[in-house]
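Hi,

Here is the structure I said I would pass on. Have a look at it first, and then read on for what turned up.

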Amino acid sequence: MVADTDHIGYMKMAIEEARNSVSEPDGRTHPMVGVVVVRDGKEIATAHRGKTAPGNHAEFCALERDLADQLVAGATVYTTLEPCTTRNHPKLPCAEHLVGRKVAKVFVGMLDPNPDITGKGVIELRKAGIAVELFPENLMSEVEDLNRHFARFHRHQSAQRAIDSGFLDANRGRPLEGWYKSINTVYWNHNFYRDAMDIFTHLVEVVGGLSQLVSHKGKSGLQPESFVPKALGWWMTLCGKVGVSSVTSMLWAKFPYVCAYCHKNPHDEAECLEKKTTREGPDWETLKQFGVNNLSRRPARISDWQKMFSDVYPVQQVEEYGPTFARLMEELGELAEALRVFPAEPGYFLSEAADVFAWLMHFQNIVDHRSKIRKQDRGQVLEKAFCLAYPDRCLYCGGSACKCPPIVDATIGRIANEIPEKWSHDAFMTADRARSTFHSSAG
């Protein structure tokens, strides 16, 4: 017989074991799971996800590896995550392993946030006559915090699956101007008290995610290609914040189906460089005339814009991400300057915002080129991804007008792990201390 205090101790042991979990290097978000097996009042095995090999579940590691030749019938198992009910053949789900080994009781730290599994593991165990109890609330909270990225991933997946094919079919062809209005409608109230620099900072943060394609150092659960539609969304939000009346007109003024400098399609690199050295900025009058002459070719939907930039600035056969990422960051620096001088010269923003959009399109064209997508099909991937990311509502709160807090809990949880405990408290001065430290008595 295991005392209640012993139960708590084994639960905590399972949580600590979960912290040792090893995720497989497949770019997906995986849970952190720990298991403790107790029989006749004695711990007989502990295991974590990936203990014996990448992808091996914790229950499998404990029951079919560590305890393969030992009697487990009647044991109590403490697992931080609800046992799974589906696995790719020939692997068996964890719930089947527990049933097959005739365990008597299972304590569960949290239900699996995967909607294909949620609650089903518990039901399968109970059908087999195995008693199931949840960890107490405080320990459940600890497990949920440990797996916040995994839960967030499945929330987003569920939200995306809720966007049916009807929505995609109806809206993937929506004009860029329509998406501009939609995004700013959903997030207008949420961003009302943020200034343009706050939003620009978030744009830089998202664009920075593309660096993973340059460095080849991916982070678990993150798909770098998904950062282009996110960056495009924040670009639209920034344009909305400063009051751009039409992003289509802004883009067409600088890129009327020709290069902004050499006025060629496709552009001539040598001529571009020569004109940039002899003239400060684009020849706006000439571009205006191109805009009138090419008006029938003006893009409407996102995919049309991407294809236009693919025509004007073709991706080279062996083009790498690095130079394009460097140019994109350079343009972000110039956009930062445009925001800084915006009160004095707002027109500068229009030119630099158009450049950032152009380089985002070129980055996506490289992604499509690497994925062997035909030139005539460019833009379809981005359009679909954009529909999934911005389905006329917030993916976090589900509202048609976002009601999320200024900083969502998932963000705080993620960045909190990047700093030593209590470091923030000791690293910053109070306002009074800063004043006395930096105040100069000089007149």
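Let me start with a pocket. The second largest pocket holds about 830 Å³ of space; bear in mind that this is a predicted model. Its lining is made up of 29 residues, and Y261, K276, R327, E331 and W359 sit closest to the centre. If you want to find your way there by secondary structure, go to helix 13 (269-278), helix 16 (321-340) and helix 17, the elements that each give two or more residues to the lining. Helix 16 contributes the most, with six residues. As for chemistry, the lining of this pocket splits into 13 nonpolar, ten charged and six polar residues.

Helix 17 turns up again in the packing. The largest nonpolar core has 74 residues, and L203, W235 and F349 are the ones with the most contacts inside it. Helix 17 (residues 347-370) is the top contributor to this core, giving twelve residues. A second core lies apart from that one, with 35 residues, including Y10, A14, V33 and F107. On the general side, nonpolar side chains in soluble globular proteins tend to be buried together.

F349 is a good residue to click on. What is F349 in contact with, once its neighbours within four places in sequence are left aside? The list runs L238, C239, V242, V244, L335, A338, L339 and F342.

Now for the enclosed spaces. How many cavities of 30 Å³ or more are there? The count is two.

The largest cavity has about 60 Å³ of space. Around it you will find N184, Y187, W188, N191, F192, I199, T237 and K241. Helix 8 (176-187) and helix 11 (227-242) supply at least two residues each to that lining. Sorted by class, the lining of the largest cavity comes out as four nonpolar, three polar and one charged.

The second largest cavity comes to about 40 Å³. Its lining consists of S182, I183, V186, Y187, Y390, P391, D392 and R393, which by class gives five nonpolar, one polar and two charged residues. Y187 is worth a click too, as Y187 is in the lining of the largest cavity and also in that of the second largest cavity.

One more residue from that second lining: S182, which lies in helix 8. Is S182 buried or exposed? S182 has a relative accessible area of 12%, so it counts as buried, the cut-off being under 20%. Not counting residues up to four places away in sequence, S182 touches R174 and D392. D392 is itself one of the residues lining the second largest cavity.

Finally, some numbers for the chain as a whole. The secondary structure amounts to 21 helices and five strands. The chain has 443 residues, and 46% of them count as buried. Among contacts with a separation of 6 or more, 76% are between residues 24 or more positions apart. The accessible surface is about 23,200 Å², with 53% of that belonging to carbon and sulfur atoms.

If you only have a few minutes, I would begin with helix 17, which features in the lining of the second largest pocket and gives the most residues to the largest core. After that, go to helix 8, where S182 lies.

Cheers

Conventions: Residues numbered from 1 in each chain as written. Predicted model: local features only at pLDDT ≥ 70, side-chain atom pairs only at ≥ 80, totals over all residues. Heavy atoms only, no water. Core = buried A, V, L, I, M, F, W, Y, C linked by side-chain atoms within 4.5 Å. Buried < 20%, exposed > 50% of the residue type's maximum accessible area, 1.4 Å probe, protein only. Helix = DSSP H or I, 4+ residues; strand = E, 2+ residues; numbered from the N terminus. Contact = heavy atoms within 4.5 Å. Areas by Shrake-Rupley, 256 points an atom, 1.4 Å probe, with all protein chains shown as cover. 1 Å grid on protein atoms, 1.4 Å probe; cavity = no way out; pocket = protein on both sides within 12 Å on 5 of 7 lines; lining within 4 Å. Points joined across faces, edges and corners; volume = space filled by probe spheres on them. Nonpolar A, V, L, I, M, F, W, Y, C, P; charged D, E, K, R; others polar.
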